Amino acid sequence: MPTSSGVDPAKMRETVRLLRGAGYMSMADTLEMDWGVRPNTASLSKNAKKKRTSLQPKSRESSKARGGSMTSPNSSAALTPPRPLSVTAQKRLVMTCIGDPDDMWTEEPDPTSSSAVFAPFFEHGAGLPRDDFIEELGHPVSFVSVRPYKKQPPPSDLPWQQFALSVFYQAGRTGLEAEDELRVQKGDIIASRYRVEAPLDAATFSHTVKAEDTATGQLVCLKVIRNLKSYFDQGLDELRVLTCVNEAGCADACCVVRLLDYSYFRNHLILVTELLSSNLYEHARCLDEAQRRAYFTLGNLQRIARQVLTALKLMHSLQLIHCDIKPENIAFRSVPKCEVKVLDLGSSCYLTDTLSSYVQSRSYRAPEVILGCRYGTGVDVWSLGAMLPELATGTILFNADSVSALLASVAGVCGPIPAEMLQEGRNTVFYVSKHGAFYAYEEGQLVFHFPDEPPPPRELFGYDDPDYVGFVRQCLTLDPALRPSAAQLLDHPFLTKSYDPG
């Protein structure tokens, strides 16, 4: 028969079984206790007072953290480290240890508010070094009532707009193409105008080819979207964004790829843009250590940062987020002059969109996106800050095999993640223990990832120039409310000073 909560115990047991099968042992144990499927040996008492001072300065005052609180189930006795958080692996910026099941937690609904839950106070944020974390285990955890961010639907009063799409078809023939891919070869004519020269690249939902515009003799890039509805819809989104950005400013002056034409040919959406050279990733991987050092000088890093920020300033002024700034999406106009443009706007979204958690490539993903907080244009600035050291050193700054390890590496470079972000994030419970360790289940084993001591700035960022290091750290400001905008960073000393050529 149903429990007092109205939920069928059989369904409860099935949920617990599935969690155990997926490796979430501690979560399964907690739900068993909460649902009364097994004896509950601990209960939560409310209104614990906060007595300790913060070890780390907080980035902004929390209004949510001043609500009603309740203490952790183990508040009556000091927690002790488990045998004793032994280290199992140590990589760049990240130390991995055996996890402590007693430090896991689940969100409990706040009975006084339908939109609030109880979550740890996270007095020192998340991402303390291992030794500091072990010391923290000796203190009880206060739980506070918080309201995690929930995705919001777009406003209902947004205006309707339209654009014309030229559709090419063969008279006397109906039906769809036999394949999702438009297979072309040298000499083929696309949309009665573009002669195929050579393939360029291929991605999940499209491929690109170099072609000659027979009307002008100009070489162009054709982006051919795969013939699946979801990819077609995404291609239309990219077309709309490219049109919006190109109409708002000069593509060359604003350092964004120039849209030349578009059409629908043999059931495939075709975007025609200017033909650029290799992207930053392709260029960098072809260089040896000495060549990379000789090209990605402070002067060239400055030029790249300035041009990317110029593009972002335009996009952000249009309430657009690029959502995928990385070396692969920045291509050269001129390698000798270090002139670049931002391209691949297929992942871009408006601030009025329903914001997805599945944006940005992992190594360049902002912490507010990972945690499920509300985010904005600052995520592009974060990605730029993660990208520049990679160009300078040849090593990805935040390179991790899991999200929790990525968060630990971020804390290693930037310090603990503020409590306000953790309390706002709807995904915090999936990555952060109640004392602020980053956890994961790896091969069925609970592990904690801690930030390790970072190397000196020259090794970490490629250079120890104070203005350059300060610029990167400004981009990597953890709190998005305090992170500078693209427009503000264009006035940073790193971008306004002169560096010796070469």
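**Exercise 1. Which residue of S19 is the bridge partner of Thr 96?**

Solution. Step one: find the two strands, which are DSSP runs of E with at least two residues, numbered from the N terminus, as helices are (H or I, at least four residues). Strand S3 covers residues 94-98 and strand S19 covers residues 445-451. Step two: look at how they are joined; five bridges link them, and they run antiparallel. Step three: read off the partner of Thr 96, which is His 449.

A word on the model: it is predicted, and local features need pLDDT of at least 70, side-chain atom pairs count only at pLDDT 80 or more, while totals for chains, interfaces and linings use all residues. Residues are numbered from 1 along each chain as its sequence is written, and side-chain values use heavy atoms, with hydrogens and water left out.

**Exercise 2. Work out the order of the strands in the sheet and find its edges.**

Solution. Start with pairing: two strands pair if DSSP finds at least two bridges between them. Four strands then give an open, antiparallel sheet in the order S2-S3-S19-S18. Next, look at the ends: S2 (87-91) and S18 (438-442) each have a single partner strand, so one side of each lacks a neighbour in the sheet. From one strand to the next, the twist averages 25 degrees. Finally, add helix H10 (residues 403-414), which packs on the sheet and touches S3, S18 and S19 (contact means heavy atoms within 4.5 Å).

**Exercise 3. Is Ser 402 buried or exposed, and what does it touch?**

Solution. First, place Ser 402: it sits in the loop between H9 and H10. Second, compare its relative accessible area, 15%, with the cut-offs: buried is under 20%, exposed over 50%, partly exposed in between (1.4 Å probe, protein chains only). Ser 402 is therefore buried. Third, list its contacts, leaving aside neighbours within four places in sequence: Arg 362, Glu 442 and His 449.

**Exercise 4. Which residues of helix H13 are buried, and where do they lie?**

Solution. Begin with the list for H13 (residues 466-475): Tyr 468, Val 469, Phe 471, Val 472 and Cys 475 are buried. Then look down the helix axis: these residues fall within an arc of 160 degrees (taken from the directions from the axis to the C-beta atoms), so they line one face of H13. Last, see what they pack against: helices H7 (298-317), H9 (378-393), H12 (457-461), H14 (486-489) and H15 (493-496).

Key. Axes are lines fitted to C-alpha atoms, for helices over the stretch in contact, and angles run from 0 to 180 degrees between N-to-C directions.
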